[in-house]
Structure formats: structure tokens, C-alpha cells
2 protein chains.
Amino acid sequence: MSRIITIGREFGSGGRELGKRLAELLGIAYYDNEIVSEIVKRSNLAEEYVNQILEKKIIRYFPITVSHTLSSPDYSHFDVENRVYSAKIKVIKEMAEKGDCVIVGRCADFVLAEKNPLRIFVYADMDKKIERCRLKNEEDSNLSDKALKQKIVKVDKGRARYYEFFTGNRWGDKKNYDICVNTSNLPIKLIAENLAHTIQKL
Amino acid sequence: MSRIITIGREFGSGGRELGKRLAELLGIAYYDNEIVSEIVKRSNLAEEYVNQILEKKIIRYFPITVSHTLSSPDYSHFDVENRVYSAKIKVIKEMAEKGDCVIVGRCADFVLAEKNPLRIFVYADMDKKIERCRLKNEEDSNLSDKALKQKIVKVDKGRARYYEFFTGNRWGDKKNYDICVNTSNLPIKLIAENLAHTIQKL
């Protein structure tokens, strides 16, 4: 197995922290928002728009009727989406070609399947995710539990929808991963240390 | 977190091997069939019958009609089932009281919830489970892939049904576990070593 590690993660579960720690311990590259920045650079699209395509709801526009088209599909939107998907695949493959690395999100487990990466999924109980969001993101620190839960559910719904649209597989389904870790009761630092140890011995 | 480790496992995934190695590395007790033997000793029921209640289909007998009962529920069967459930809970709790241990199957994660065990679930791809069954069980060595797959699916259906009946939770759903490990691409020896390392540092 290569030392390419892909990390899928529920929002607020600490997947990003785990990925960063792991890359640091292994002395290898870490890619997360770098993927978006690279797509933005290559496509000349706004970062927010690219992020929306990569993380949120896939919106498709179809004609209202089939035989008598009243409104045409928004082909330009299709085109942009496809350009972003192609760029994403290219960027992720190029990053993996450069050498061992940790890649967070963006269906990298699916894009790099032929490289046989170690596929990790990070998740946690809702109360722990709420706690973590409040602690880690300034913008979340004043939100109520209810509002934070809604935000977490919304972000993860977007990720699940995108993953399933792009890969045909169910996001977070353990059969698509080598190791799934629940960070509710286990310290992320310890998980990272022991994953690094495992990877070094593979 | 205590050093009580519960292991749920798909048939043929190597959960038992992982549990044994883990117990050996940590120098703690290992319980698997010992639970059944203890119930048999206490209940005076046949081992096969106890195993059937603990691992297989839950069969309930109800009267054919409600207002005019033609056949009565088989209360004796209910009684025996309940006796076996009670004995199981008692035996598992007593085992956990004795000291740190690894317990395989039998809904131990649920029975010992208040002890906050480390809950592990072990799974694998179907082709790897078929391979492993053929290698490890003499009785499976001459079965076709199709027959072995049918056996694996049947055993796991029984485990899932029993777990869900007993706990109200979905068997193998990652949210009920701390770590889920896919043994398809990772050597069990290495997983055990690193899990032991993690547990020792908790």
C-alpha cells in the first residue's frame, strides 16, 4: 500500500486536524484547500463558486417539457461544472504523482483508487461535533446548539450528495474505507500517532 | 476509557484473530465461546441451542387469531430465550468485573455500555472473507465461492438480526463503534499491534 492517505470526514469531527497531524508525523505533503486554490488558478473562476460546485448541492436545470421545450438546459452551467470536475481530478492526480501525501475530502479516495491509498473516514457523535465547532471556529462560537446542529447536518448533506453523485458510492459507508475512526472518545493526537505508526510499517 | 475491548465482526473478517492477538499483546483475558460455555453450565441447556438463541434467527410464535386463539404462544420458548438473555448479560458483566478483557460478539458493547469499553468493529470485502474462510476452516475449504458467500451472508444476517433485536441499534453501523477496521488490505497482526499501542496510551 502506498503512503497516499485520503481522509473523508464529517464536519466538526476533526478530520482536518487528524490529516494535518498525520502529514506532519510522516513528513509528507498535506492537501486540503490547496486543491481548490489550484483549480481557481487554472480555471479563472471565483473560489466561492468552485467551492460550491465541489462541496454543495448539485443543481441541474432541465427543460420543463420534453416535446415543446419552454426553457433550455443551462448548458453553460454544465460546462463549468464539468470543467471544475476535470480540473479537480487532474489536480489531485498531479499532487499524488509528486509523492506521498495526505489529501482531505474531494472524493480523493475514488479519484486515486488505482494508487491503492489508505482510505480513512473520520466521524463523531453530534454533541462532540457541536462542541468542537464552537471551540475551533470563531464564527460558530455564538451559535446555539440547534443552529450548529443544523449547520453540521447541512454541510454533511452537501458532502454526501456530492460524493454519491461523483463516485456512485455512499459517503461514509465503512465498506469504502480501510479505517473509520470515531473521535468522540479518542484523542486525535493519539489516533494520528498510531495511524502514522501503522502506515510506516505497511 | 477502560481497557475493556468489545469486538463486533463480520463472519470471515478475522475479528476473532484480532481479538486474540490484542488480548495477548495487552496481557488481558479473552472471551468468546467461553461466554456460551458458561451459559450452558448455568442453564443446563444444550450448547447448540444456546448458540442458536445467541447467534441466529429470533423465532417468535404467536396465536393464529387474536379473539379465538387456535394455538397458544410457545411460552416455554419465550422463557428459555429470556433465561439465556439474562444469563448472557450476567456472564458478560461478571467477566468484565473480573478485570480488563477482550470480548468478541454477543452484543458486549451494548451490555457493557456503562463501562465505556473501546468498541471495535471488524469487516472485510466479500472476496477476502471467502478467501479467509477457505484458509481457516477445514469444513469450508471445499465449498465453492457461491456456497461460501451464501454461508457468510447467512451468518451475518443472523448476527445483524440478533444485535438489532437485542440493542435496538443497527449492527455494524459505525456510529455505534469507536474504530471500524477493514482487514481487506491491512495485516491483522499490524492492526492488533497498533490498537494495543493506542489502548495502552488511553
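**View 1. Ile5(B) and its partner across the β1(B)–β4(B) pair.** In this predicted model, Ile5(B) lies opposite Leu118(B) of β4(B). Strand β1 (residues 4-9) of chain B and strand β4 (residues 118-123) of chain B run parallel and are joined by five bridges; strands are DSSP runs (E, at least two residues) and helices likewise (H or I, at least four), numbered from the N terminus, and two strands pair if DSSP finds at least two bridges between them. Residues are numbered from 1 along each chain as its sequence is written, and chains are lettered from A, with ligands numbered from 1, in the order in which they are written. Local features need pLDDT of at least 70 and side-chain atom pairs count only at pLDDT 80 or more, whereas totals for chains, interfaces and linings use all residues.

**View 2. The β5(A)–β5(B) pair.** Three bridges connect β5(A) with strand β5 (residues 179-182) of chain B, and the two run antiparallel. Within this pair, Val181(B) of β5(B) is the bridge partner of Ile179(A).

**View 3. The open sheet and its edges.** The ten strands follow the order β2(A)-β3(A)-β1(A)-β4(A)-β5(A)-β5(B)-β4(B)-β1(B)-β3(B)-β2(B), with mixed pairing. Because β2 (29-31) of chain A and β2 (29-31) of chain B stand at the edges with a single partner strand each, one side of each has no neighbour in the sheet.

**View 4. The side of chain A that touches chain B.** Contact (C-beta atoms, placed from the backbone, within 7 Å) links 16 residues of chain A with 16 residues of chain B. On the chain A side, β5 (179-182) and α8 (188-201) each supply at least two residues, and α8(A) gives the largest share, five residues.

Note on methods:
Two residues are in contact if their C-beta atoms, placed from the backbone, lie within 7 Å.
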